[in-house]
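Here are some notes for a colleague opening this structure for the first time. Please keep the view at hand while reading.

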Protein chains: 2
Amino acid sequence: VKIAVIGAAGHYQVALDGSREDKDAVICAAAPGCPEEDAATLGEACRKENPRCSFYEDWQEMIRQEKPDITVVNSWYGQNDRIAEFCLEQGSAVYAEKPFSNTMEGLNQLKACREKSGVPLGIMLTCRYEPWFLTMDDAVKRGLIGKIRLIHAQKSYKLGTRPDFFRQRDMFTGLFPWVGIHAVDWILHFGGTPKEIMAWHSADENRGMGEMEISAAGILRMENNIFATLSADYLRPAGAATHEDDRLRLTGTAGVLETVNGRVYLEDEKEAKREIPLLPGLNPFAEFLKSVREGKTQELAEAGFEATRAALLLRDAADADHLIRTV
Amino acid sequence: VKIAVIGAAGHYQVALDGSREDKDAVICAAAPGCPEEDAATLGEACRKENPRCSFYEDWQEMIRQEKPDITVVNSWYGQNDRIAEFCLEQGSAVYAEKPFSNTMEGLNQLKACREKSGVPLGIMLTCRYEPWFLTMDDAVKRGLIGKIRLIHAQKSYKLGTRPDFFRQRDMFTGLFPWVGIHAVDWILHFGGTPKEIMAWHSADENRGMGEMEISAAGILRMENNIFATLSADYLRPAGAATHEDDRLRLTGTAGVLETVNGRVYLEDEKEAKREIPLLPGLNPFAEFLKSVREGKTQELAEAGFEATRAALLLRDAADADHLIRTV
């Protein structure tokens, strides 16, 4: 399985790590996704995996020459759709950063392209493979909290030093599509299809980060009156112990499940809150490789389209300052 | 200071406890707020405070006869405005359950009545006097988290066994006005005046509780793009260690403050998350008595009007399923 990497702005390291779990996988080539991108770190990382890895200045040439089985797409995020489409059209499966697209038109076009080409497409919704997520998913499927009625999801990151392109929405995509999308994915996974969406976001107090929103909050109504609230921010203080503070709380008819600091807590009709044992985490890319082999990539692609769509609608609602009905 | 109690559906015990802190205060009389109300427990509780406490069937007669300095109003919640108004007009200060009113018209009328009469009015926004709230308020005023940008507030209660009148909106008022109003008060206190409000609520899965909503979620935009999310529910599982699970998270430009289980945690630019020492709590009614003496009841009354107004708007937004702009 020949794997190529385009771009260095996202989580390609997840793919390199995952490729090591598959003895037939090899990182064959890498290229920046645009000339402004510094691909030196990418080059170094790929050479560590495979000393004979080829390097290209032009990623399109790389795809044509190398004919990779799978291409990891993680250049500046606003280009995800355009690059992914080219690869799919050339017959290479794609494992892309989120969001799939920066626009609804681009998203629909990528969806059509995938359907037409029949080539597998995956997305870096990496939180889905965290121990806490797998554990909560398992607990919900086992009926431990009954029917879910309320969801609260939080993504809070340290700002640290970010690349310049985070200042431009056309390349960064925004706080909801780049950061909030994980929380959106959790909400859709556990809550179903959103029927109504309202949100706000703000670039106020963003420490010179141009157009980049630094705080955002949203609310979604799903079928059966399941309600979700979420927030996303780059305000996590520098002194905090970890980069991110991911939270998810699921309130059901028979109990509550909650994650804090990667741990999972359950309280139910019989017993007070206790920590429950975590299932082992999985490498997201290794799972994608497996699903390509088994012809089972549909679910992740659909999750990627739905999460991107909802994240763009949250951004739209915030931009337009009005409630969006999705039906 | 002669204190009378009308009704037994709310937190009159807070007033009895508070009256003990004031050696000049005496519980002089009590009466149910409507004939359907069982006032036996109230009678017993008041007699424990003052064996010579009088009992009335008719609360209006009680007010006219006893001429109490302060009347505690906590009958079925939908009657708060009507009872409070009568007392104010008779010259008795009022310490009322939340919400101040079940309707915007009733709220405005009570506000006018208070202004016209000049008689003190207080509200049972009891959480304001909890150690965690006073501690967070103090930390914010000391600038420990900079400017607040995001707020998340949660009220989650066990359902347990509730009186029949909870089944009727006209008497219970609803999940936002009765339960969510605390979270609303925290949000307004720390975030300022709401400019836009969206919310949903649902009586689905409410275990036979008639019109009573059992789950609710909302979002508010305040001035300066401060955003708040909140949820309220009666879904806290029976096995949980405590009746309520109150949460408040304040994300600022220089740190995060959070309360869980009555404890307060701070993380900031310099240091990872740590628990901070709690300020001592105060009895809400004792504080009201003090403010009546000092002629400083304005702030609490205003908070009561604002919180009631925002809670009713959340209910309106949820009922009408549309975004409300408050200006």
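The points below cover the interface, one residue and the cysteines.

1. Status of the model. This is a predicted model. Please read each value below as computed from that model.

2. Extent of the interface. How many residues of chain B are in contact with chain A? The count is 59 residues of chain B, facing 59 residues of chain A. The size of an interface is often given as the accessible area lost when the parts come together. For chain B and chain A, that buried area is about 4,200 Å². Carbon and sulfur atoms account for 57% of it.

3. Charged and polar pairs. The interface of chain B and chain A holds 12 salt bridges by the rule used. One of the partners to look up is B:Glu258, which forms a salt bridge with A:Arg247. Their closest N and O atoms are 2.7 Å apart. Polar contacts between chain B and chain A join 26 residue pairs, with both residues at pLDDT 80 or more.

4. What chain B brings to the interface. Several strands of chain B each supply at least two residues to the side that touches chain A. Among them are strand 7 (148-156), strand 8 (194-202), strand 9 (215-222) and strand 10 (227-233). Strand 11 (247-252), strand 12 (255-260) and strand 13 (263-268) also belong to this list. By residue class, this side of chain B divides into 21 nonpolar, 17 polar and 21 charged residues.

5. A residue to inspect: B:Thr229. This threonine lies in strand 10 of chain B. Is B:Thr229 buried or exposed? B:Thr229 counts as buried because its relative accessibility is 1%, under the 20% cut-off. Its side chain makes a polar contact of 2.8 Å with the side chain of B:His152. B:Thr229 touches residues of chain A, including A:His152, A:Ala217, A:Thr229 and A:Leu230. Within chain B, the residues touched include B:Ile151, B:Ala153, B:Ile187 and B:Ile219.

6. Cysteines. A search of the whole structure, over all chains, finds zero disulfides. For A:Cys34, the nearest cysteine sulfur is that of A:Cys87, 14 Å away. A:Cys34 has 9% relative accessibility, so this cysteine counts as buried.

7. A second cysteine. Why is A:Cys46 not bonded to A:Cys53? The sulfur of A:Cys53 is the closest cysteine sulfur to that of A:Cys46, but the distance is 4.7 Å, too far for a bond. A disulfide needs the two sulfur atoms within 2.5 Å. A:Cys46 also counts as buried, because its relative accessibility is 0%.

Terms used: Residues numbered from 1 in each chain as written. Chains lettered and ligands numbered in written order. Predicted model: local features only at pLDDT ≥ 70, side-chain atom pairs only at ≥ 80, totals over all residues. Heavy atoms only, no water. Contact = heavy atoms within 4.5 Å. Buried area = accessible area lost by both parts, 1.4 Å probe. Salt bridge = Lys/Arg side-chain N within 4 Å of Asp/Glu carboxyl O. Polar contact = N/O pair within 3.5 Å; in protein donor to acceptor, adjacent residues only side chain to side chain. Helix = DSSP H or I, 4+ residues; strand = E, 2+ residues; numbered from the N terminus. Nonpolar A, V, L, I, M, F, W, Y, C, P; charged D, E, K, R; others polar. Buried < 20%, exposed > 50% of the residue type's maximum accessible area, 1.4 Å probe, protein only. Lists of a residue's contacts leave out its neighbours within four places in sequence.
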